[in-house]
There are 2 protein chains.
Amino acid sequence: MDAIDQRIISCLVSDARSSYAEIGKSVGLSAPAVKRRVDKLLDTGVLRGFTAVVDPEALGWGTEAFVEVHCRGNITPGEIRSRLDPLPEVVAAYTVSGAADAIVHLRASDIHHLETVLERLRAVDIIDRTISTVVLSTLLDRPPAPEH
Amino acid sequence: MDAIDQRIISCLVSDARSSYAEIGKSVGLSAPAVKRRVDKLLDTGVLRGFTAVVDPEALGWGTEAFVEVHCRGNITPGEIRSRLDPLPEVVAAYTVSGAADAIVHLRASDIHHLETVLERLRAVDIIDRTISTVVLSTLLDRPPAPEH
DNA sequence: AATGAAAGCCCCTTGAA
DNA sequence: TTCAAGGGGCTTTCATT
């Protein structure tokens with residue numbers, strides 16, 4: 001992982017479909033050299049893959065919320081994960097410091113759908129109570145910069 | 001946006017670098033037909049682009065936090081956005097319902113760096129106070145499914 | 001309007017150095 | 001790491017439905 005790798009990653013973060021030749025031009029390497037570096041970054045797990053960025057509204061996921069989840073008793077992170085995984089509306093979940101056991105990021109088609117999801121979430125037997133915060137607007141949403 | 005478009009999007013979400021020919025094989029279309037649909041999805045904004053998924057640890061962004069931001073007086077979302085934008089550690093920010101004005105998603109290299117970022121955040125003059133929640137582990141992190 | 005077929009060009013990929 | 005070559009993908013044009 002040197003400076004050139006970081007610049008290659010930057011190129012791929014801003015456009016994952018750019019060609020090795022293009023990337024090479026911008027970092028001063030030949031296309032095969034870039035490909036070999038990218039392959040190595042994928043092998044070592046620095047690069048996890050490539051994905052399309054989709055407009056959630058266009059797919060009918062217009063409503064978003066963050067939910068603090070409080071569980072009963074002593075629950076392992078793995079247990080929480082396995083209970084949240086079956087809910088497709090859960091796009092992210094974290095264990096956190098503080099009073100809550102987890103923060104869950106939800107996406108639903110609308111407020112009514114969100115209500116349904118929250119009911120299903122509260123019906124999970126390890127979950128004691130939830131505190132929801134509905135997202136009104138997204139101010140920023142961007143990948144972390146490669147350099148500090 | 002029909003069922004074939006959704007399947008094309010699914011393919012690109014799971015691997016943004018797959019070829020049009022490959023996608024075509026999986027959705028039953030020729031490569032040029034797939035390309036034309038992808039171009040249209042990009043034009044209409046359903047697809048916003050393609051990006052690499054990077055391991056944050058590997059880039060030195062090992063520590064994560066969510067911060068409730070409370071502002072002074074009446075502040076517009078645009079105002080909040082413009083104040084958060086210069087901070088590279090802010091990876092996402094939302095205006096929300098409830099008492100807080102915004103939720104900010106932060107990434108830092110470690111706890112010390114996180115502390116520095118929180119200080120810089122609290123130094124923003126429109127910000128009154130902040131409540132931070134440090135992420136202990138990521139349970140789930142996935143793109144929203146194309147179908148409900 | 002959307003698709004498939006074909007052609008030319010460019011790119012990817014591998015081997016050699 | 002680069003260069004070189006073969007194979008394959010991309011992109012445009014054209015004709016069809």
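A polar contact is a pair of N or O atoms within 3.5 Å. The questions below concern a predicted model.

Q: Which phosphate oxygen distance links B:Arg37 to DNA strand C?
A: B:Arg37 is listed among the residues around DNA strand C. A polar atom in the side chain of B:Arg37 faces a phosphate oxygen of that strand, and the distance between the two is 2.7 Å.

Q: Which residue of chain A has a polar backbone atom 2.6 Å from a phosphate oxygen of DNA strand C?
A: The residues around DNA strand C include A:Ser19, A:Tyr20 and A:Ala21. The backbone atom at 2.6 Å from the phosphate oxygen belongs to A:Tyr20.

Q: Which helix gives the most to the surface near DNA strand C?
A: Helix H2 (20-27) and H3 of chain A, together with H3 of chain B, each supply at least two residues of this surface. By class, the surface has 5 nonpolar, 2 polar and 5 charged residues. The helix that gives the most, with 5 residues, is H3(B).

Q: Which helix gives the most to the surface near DNA strand D?
A: Here at least two residues each come from helix H3 (31-44) of chain A and from helices H2 (20-27) and H3 (31-44) of chain B. The surface residues divide into 6 nonpolar, 2 polar and 4 charged. With 4 residues, the helix that gives the most is H3(A).

Q: What percentage of the atoms of DNA strand D within 4 Å of the protein belong to sugar or phosphate?
A: One polar contact with a phosphate of DNA strand D involves the side chain of A:Ser30, at 2.7 Å from a phosphate oxygen. Another involves a polar backbone atom of B:Ala21, at 3.4 Å from a phosphate oxygen. Among the strand atoms within 4 Å of the protein, bases make up the rest, while the part belonging to sugar or phosphate is 73%.

Q: What is the distance from a polar side-chain atom of A:Arg36 to a base oxygen of DNA strand D?
A: A:Arg36 is listed around DNA strand C and also around DNA strand D. For DNA strand C, an N or O atom of its side chain is 3.2 Å from a base oxygen. For DNA strand D, the distance from a polar side-chain atom of A:Arg36 to a base oxygen is 3.0 Å.

Q: Why is H2(B) described as roughly perpendicular to H3(B)?
A: The axes of H2(B) and H3(B) are 8 Å apart, and the helices pack at an angle of about 100 degrees. Angles of 65 to 115 degrees count as roughly perpendicular. Therefore H2(B) stands to H3(B) as roughly perpendicular.

Terms used. Residues are numbered from 1 along each chain as its sequence is written. Chains are lettered from A and ligands numbered from 1 in the order in which they are written. This is a predicted model: local features need pLDDT of at least 70, side-chain atom pairs count only at pLDDT 80 or more; totals for chains, interfaces and linings use all residues. Side-chain values use heavy atoms; hydrogens and water are left out. A residue is near a molecule or strand if one of its heavy atoms lies within 4 Å of it. A polar contact is a pair of N or O atoms within 3.5 Å; within protein, one must be able to donate a hydrogen and the other to accept it, and residues adjacent in sequence count only if both atoms are side-chain atoms. Ala, Val, Leu, Ile, Met, Phe, Trp, Tyr, Cys and Pro count as nonpolar, Asp, Glu, Lys and Arg as charged, and the others, Gly among them, as polar. Axes are lines fitted to C-alpha atoms, for helices over the stretch in contact, and angles run from 0 to 180 degrees between N-to-C directions. Angles under 35 degrees count as roughly parallel, over 145 as roughly antiparallel, 65 to 115 as roughly perpendicular and the rest as oblique.
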